[in-house]
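Let's take a look at one sheet and how its strands are put together. Have the model open while you read.

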Amino acid sequence: EEISPGSDPTDPNNVPNIFPSTVRLELEGAQLSSVVYRLGIRFLSGNGKTYRIETSDNLREWEALESGIRGNNLHIERAYFFNRVDKPNLFIRVVEE
């Protein structure tokens, strides 16, 4: 049985990609005060693709920070400000929509 369209279940050399595409992030952080920090994000976008930036404090539940970011084969840069009291643990990811 095919695990994904176009894969061949009888060919041991045909291994489908079952994982979603990943986006390589470049991050830059700066503490602006005792409780506020700035997080800069940069990633290379694909032409015609759309992205969403999400945050989490537990890696299980993700919240969209920004969505509908249109790719253009160039780097996309964003900066966000967070309060350490509200978000002592912060994880961030970029997801292709």
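In this predicted model, E3 and E4 make a hairpin, with six residues sitting between the two strands. One residue to click on in that turn is Leu-59, which has a positive phi of about 65 degrees.

From the hairpin, move on to the sheet itself. In what order do the three strands line up? The order is E4-E3-E6, the sheet is open, and the pairing is antiparallel. Strands E4 (63–70) and E6 (91–96) stand at the edges with a single partner strand each, so each has one side left without a neighbour in the sheet. On average, neighbouring strands here are turned by 20 degrees against each other, if you ignore direction.

Now for E3, which covers residues 50–56 and pairs with E4 over five bridges in the antiparallel sense. With E6, E3 also runs antiparallel, and six bridges join these two strands.

If you want to trace the pairing residue by residue, here are some places to start:

| Residue in E3's pairing | Partner | Partner strand |
|---|---|---|
| Ile-53 | Glu-66 (bridge partner) | E4 |
| Glu-54 | Ala-64 (stands opposite) | E4 |
| Thr-55 | Ile-92 (stands opposite) | E6 |

Is E3 largely enclosed or largely open to the outside? Buried here means under 20% relative accessible area. Six of the seven E3 residues are buried, so the strand is largely enclosed by the rest of the structure.

Notes. Residues numbered from 1 in each chain as written. Predicted model: local features only at pLDDT ≥ 70, side-chain atom pairs only at ≥ 80, totals over all residues. Heavy atoms only, no water. Pairing = 2+ DSSP bridges. Helix = DSSP H or I, 4+ residues; strand = E, 2+ residues; numbered from the N terminus. Axes fitted to C-alpha atoms, helices over the stretch in contact; angles between N-to-C directions. Buried < 20%, exposed > 50% of the residue type's maximum accessible area, 1.4 Å probe, protein only.
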